[in-house]
Every structure is written in structure tokens, then in C-alpha cells.
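Welcome! Here is a friendly walk through a structure that may be new to you. Please take a first look at it before reading on.

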Amino acid sequence: MTIKEIARLVEGEIVGAPADDTYDVEKAFASDLMSDVLRFSMDETVLITGLCNNQTMRTSEMADLRVVVIGRDKQPDEDMLELAEDLDITLIKSKFSIFKISGILYEAGIKPLY
Amino acid sequence: MHYTFEIERGNFTDAGQASSSVKRTLKQLGVAPANIKRTVVALFEAEINAIAHAYGGTIDVDIDDQKIVMVVADQGPGIPNLDLAMQEGWSTASAEVREMGYGAGMGLPNIKKNTDDLKIESTVGVGTTVTMTVFFA
Ligand SMILES: Nc1ncnc2c1ncn2[C@@H]1O[C@H](COP(=O)(O)OP(=O)(O)O)[C@@H](O)[C@H]1O
Ligand SMILES: [Mg+2]
């Protein structure tokens, strides 16, 4: 699934790095715990999180994540957006809860990491 | 190649800059992506620990064509029970640290899993030195 399709499904807005239309997302992982994110391979994976700060970006960088859905209507600040651009990470801001975002993407065929 | 970094006390906002810089260097050197990931996950967790549980510290990194050795040293409170600290889920992280997304008690286990050699020297009231080695071959 493309990043833009994910954004459409969660009625989200794309910010940070522009969406790479060639990137194919197959799996999702939802967590607010950054060490949890660092435990797994994040290939073709979208992170769904309510944690909206520089730590989210740094963790995503170390985990090799390319796309992150920020739920619960959290607003990334300028610093975070700049970091996302520098690190080439696309953010999708959604008003929905983490549960709702997860449910929508699951129903649309995105697989759980485990 | 030798690199040093300062980890600033209490500075969560900039935490990860050393790991980020090491990541760029390893990429330029053409190290395999899987080894880069193992390296930076371990270093990032150690960097966060020096901020979350101590008062910042220093990072020394040595890279040659076989391996990377990373030494993260702090003058913090030390780890009273290392066996306990190494357990998955064990954490003494403050509420403030947890709010930032850290404190799952997975840091040291993550470091162990991602490194080929790990040495932790810690003395209560003196500080902690974490030495991590990742082989590229
Ligand atoms: N550099 C350090 N100085 C003092 N205590 C530490 C240090 N690193 C780890 N610890 C102790 O070990 C525990 C487990 O560390 P870790 O596995 O990284 O989990 P977390 O950081 O999420 O608490 C910490 O909660 C803390 O009590
Ligand atoms: Mg930790």
C-alpha cells in the first residue's frame, strides 16, 4: 500500500518528507514505547504512534522507518518537522485514535508485525 | 578512525545525535545495512540511558574495517544490580522519561541482542561504562 493511500484511509495530512510513491507498506506496528520499536525489523513497516516529539524521529531514524502515522491529533512542532525532512521520514497526521487507525489499516490488509 | 561525542545532561531533545552521526559515517563506509542498524540501535539505547539514568557523559567510537567499538561512559549513580537491570521490562525510569517514550526496560536487552560483545562496568556512586562491539563481517 502506498503512503498516500494510508493517508487517505486515516484521513490524515502528509507532513515532513514528501511521500515516496514507490514505497510499498506491507506491515504496521503500533507503540508509544520507543525501545519496543527498536526491537524489530521495520522493513516495509509503518509505525503508528501517539508519541509526537524529536524522540519519535530519532527512534524512527535508528529503526530505518520511512513512514510514521501520528495519531490522536498530536501536532508536530517545527523542530520535529525539520528533523523529519532531514531524515527523509514521511509523517501522516491523523485525528483518529491509535485503535481506530490500527483497525482501519488492518481491515485494509496491512499485516501486523507479529 | 576515532570519534568522540559529548552527551549533554538532561538533553533529551538532542539525544541521538551521536548515533545519527555514526549512522551516516557507517553508510559512507559502505557497511552492510543490517550491521548499521545493530550498531545504531545499541548506541542509541546507551546514549538514552546516559541521559535518562545518569547526568550525560561521553562517547568514544573506534571504527576499522572489521568492527566498531563504542564506549559510553557516565559519572552517574551506577547500577546496583546488573542482573536485574539486564532483564526485559525492568526499569527505574522516571515518569518524565516514560512520557518521552523511554523506560520500557528494553534498552539493555536491546543492546545485548544487537552487539557481538558487551561489557558493562558500573560502580554505585561513581558511574557506568558500557563497551559495545559490533563486527562487520
Ligand atoms: N547508565 C546508567 N546509569 C545508571 N543506571 C542505569 C544506566 N543504564 C541503565 N540503568 C538502569 O538499568 C535499568 C534498565 O535499563 P534499560 O534496559 O535501558 O531500560 P530503561 O532505560 O527503559 O529503564 C534502568 O531503568 C536503570 O535502573
Ligand atoms: Mg534504557
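## Where the two chains meet

Between chain A and chain B, 11 residue pairs are in polar contact, with both partners at pLDDT 80 or more. A polar contact is a pair of N or O atoms within 3.5 Å; within protein, one must be able to donate a hydrogen and the other to accept it, and residues adjacent in sequence count only if both atoms are side-chain atoms. On the side of chain A that touches chain B, helix H2 (34–37) and helix H3 (54–62) of chain A each supply at least two residues. The largest share, six residues, comes from H3(A). Helices here are DSSP runs (H or I, at least four residues), numbered from the N terminus. By type, this side of chain A has eight nonpolar, six polar and seven charged residues. Ala, Val, Leu, Ile, Met, Phe, Trp, Tyr, Cys and Pro count as nonpolar, Asp, Glu, Lys and Arg as charged, and the others, Gly among them, as polar.

This is a predicted model: local features need pLDDT of at least 70, side-chain atom pairs count only at pLDDT 80 or more, and totals for chains, interfaces and linings use all residues. Residues are numbered from 1 along each chain as its sequence is written, chains are lettered from A and ligands numbered from 1 in the order in which they are written, and side-chain values use heavy atoms, with hydrogens and water left out.

In total, 21 residues of chain A are in contact (heavy atoms within 4.5 Å) with 23 residues of chain B. Which side chains meet in a salt bridge? They are A:Asp64 and B:Lys23, at 2.7 Å, N to O. The term means a side-chain nitrogen of Lys or Arg within 4 Å of a carboxyl oxygen of Asp or Glu, and the rule finds one across this interface.

## Around ligand 1

Ligand 1 is surrounded by 18 residues, and the closest include B:His53 and B:Ser91; a residue counts if one of its heavy atoms lies within 4 Å. The table lists distances from an oxygen atom of ligand 1.

| Residue | Partner atom | Distance |
|---|---|---|
| B:Asn49 | side-chain N or O | 2.9 Å |
| B:His53 | side-chain N or O | 2.8 Å |
| B:Ala104 | polar backbone atom | 3.1 Å |

B:Asn49 sits in helix H2 (residues 33–52) of chain B. Leaving aside residues up to four places away in sequence, B:Asn49 touches B:Ala54 and B:Leu108.
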